[in-house]
Amino acid sequence: MTVEEISILSAAIAVSFGALGPGLGEGRAVAAALDAIARQPESAGTISRTLFVGLAMIETMAIYCLVVALLVLFANPFVK
Amino acid sequence: MTSPLVVEPLFHIGPVPITQPVVATWVIMAVMVLGALLLKRRLKQRPGKAQVVAELITGALDDQIRDVVQSDPAPYRVLIGTIFLFVLIANWSGMLPGVEPPTAHLETDAALALMVFVATLYHGVRSNGFVGYLKTFAQPTWVMIPLNLVEQITRTFSLIIRLFGNVMSGVFVIGIMLSLAGLLVPIPLMALDLLTGAVQAYIFAILGCVFIGAAVSEGRDAGFPERSAS
């Protein structure tokens, strides 16, 4: 395998595994937030605002993996 | 497919290459300054529609800053508010045909994050004194000094990458959809981009606020629980 083929493969692996963790984490976060809203509907505003910020934080991990994949594809230092 | 990490210069002014993000940034800056000047000229006791909207935005910003910093928002309003509005307009400017959001390029995000970094140092030194601010790096014990130093760099770096990655991936996905599926198909994704852009602008401003608030309050009450985020 050449460096290019390995790069493409590793970019795919990075994005897929990078999507796995944040997916699980976001599921747990939304479930917990829904639970809290069901218990205390009056604080739904605060909870959903915090939830959005938290979700964006978790999603950042997936974005990091995407950036790494793009670096591997477009700015690979080992490809001449 | 062109790399999202490279920008081609549009034209040259003397030896300086001018790229599309630079032009977009200056246009957004001009729009913001002109809008602010127009609003400022027509301030009244009985506000018109535009003034009500501006006061609403300022009030909401003040509330958010006060929630985070736990003190008077006045010293931070200008910086945090300007950063929030600039990032918001920049993220949403991608909806205009032919415009690529300047925040979808690493350089703009790096400049914004460096501004937050410098403001953190400035407010930390201003409220605690130079020696007092240096001492906060040894909180809770001196063992934490290297970790605290590294944290300053990594959180600035993650601020850059977060905004860049989110906005750039939105632009990238729309480009791929457009080339694969054709006209009008990426519209739902563009709607999602509006939401992402607003949330990311909010997060960028709030995180900058958290960093500044932590630098200010760490000296005030030593042993304060760590408030920084990833």
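**Val68(B) and the core around helix H2 of chain B**

Setting aside residues up to four places away in sequence, Val68(B) touches Ile206(B), Cys209(B), Val210(B) and Gly213(B). The model is a predicted one, and in it Val68(B) sits in helix H2 of chain B. Val68(B) counts as buried because it has 22 C-beta neighbours inside 10 Å, the cut-off being 20 or more. Another pairing spans 146 residues along the chain: the C-alpha atoms of Val68(B) and Ala214(B) are 9.2 Å apart.

Zooming out to the helix itself, H2(B) runs over residues 49-69, and its 21 residues at 1.5 Å each should span 30 Å; the end C-alpha atoms are indeed 30 Å apart, so expectation and model agree. Val68(B) shares its buried status in H2(B) with Ile65(B) and Val69(B). These three cover an arc of only 80 degrees around the axis, which means that they sit on the same side of H2(B). That fits the usual helix arithmetic: with 3.6 residues a turn, residues three or four places apart point the same way. The other side of H2(B) is where the exposed residues turn up, namely Lys49(B), Val52(B), Leu56(B), Gly59(B), Ala60(B), Asp63(B) and Asp67(B). Right after the helix comes Gln70(B), with a positive phi near 60 degrees.

Next, the nonpolar core. The largest one holds 44 residues, and the members touching the most others are Ile80(B), Ile83(B), Val87(B), Phe204(B) and Cys209(B). Two or more residues apiece come from helix H2 (44-74) of chain A and, in chain B, from H1 (20-41), H2, H3 (74-92), H4 (106-128), H6 (145-181) and H7 (187-220). The top contributor is H7(B), which supplies eleven residues. Two of those well-connected members can be followed further. Cys209(B) is one of the residues that Val68(B) touches, while Phe204(B), neighbours within four places in sequence aside, is in contact with Ile83(B), Val87(B), Leu159(B) and Leu163(B).

As for the contact between the chains, chain A brings twelve residues to it and chain B brings 14. On the chain A side, eleven of these are nonpolar and one is polar, with no charged residues.

Chain A also carries annotation. An unreviewed UniProt entry places "domain: V-ATPase proteolipid subunit C-like" at residues 9-71; in the model this stretch is 94% helix and 0% strand, with its end C-alpha atoms 13 Å apart. UniProt (unreviewed entry) also lists a "transmembrane region" at residues 51-75 of chain A. That span comes out as 96% helix and 0% strand, and its end C-alpha atoms lie 34 Å apart.

Technical notes. Residues numbered from 1 in each chain as written. Chains lettered and ligands numbered in written order. Predicted model: local features only at pLDDT ≥ 70, side-chain atom pairs only at ≥ 80, totals over all residues. UniProt positions renumbered as here; feature names shortened; annotations may be inferred. Helix = DSSP H or I, 4+ residues; strand = E, 2+ residues; numbered from the N terminus. Expected span 1.5 Å × (residues − 1). Buried ≥ 20, exposed ≤ 12 C-beta atoms within 10 Å, placed from the backbone. Arc of directions from axis to C-beta. Contact = placed C-beta atoms within 7 Å. Nonpolar A, V, L, I, M, F, W, Y, C, P; charged D, E, K, R; others polar. Core = buried A, V, L, I, M, F, W, Y, C linked by C-beta atoms within 7 Å.
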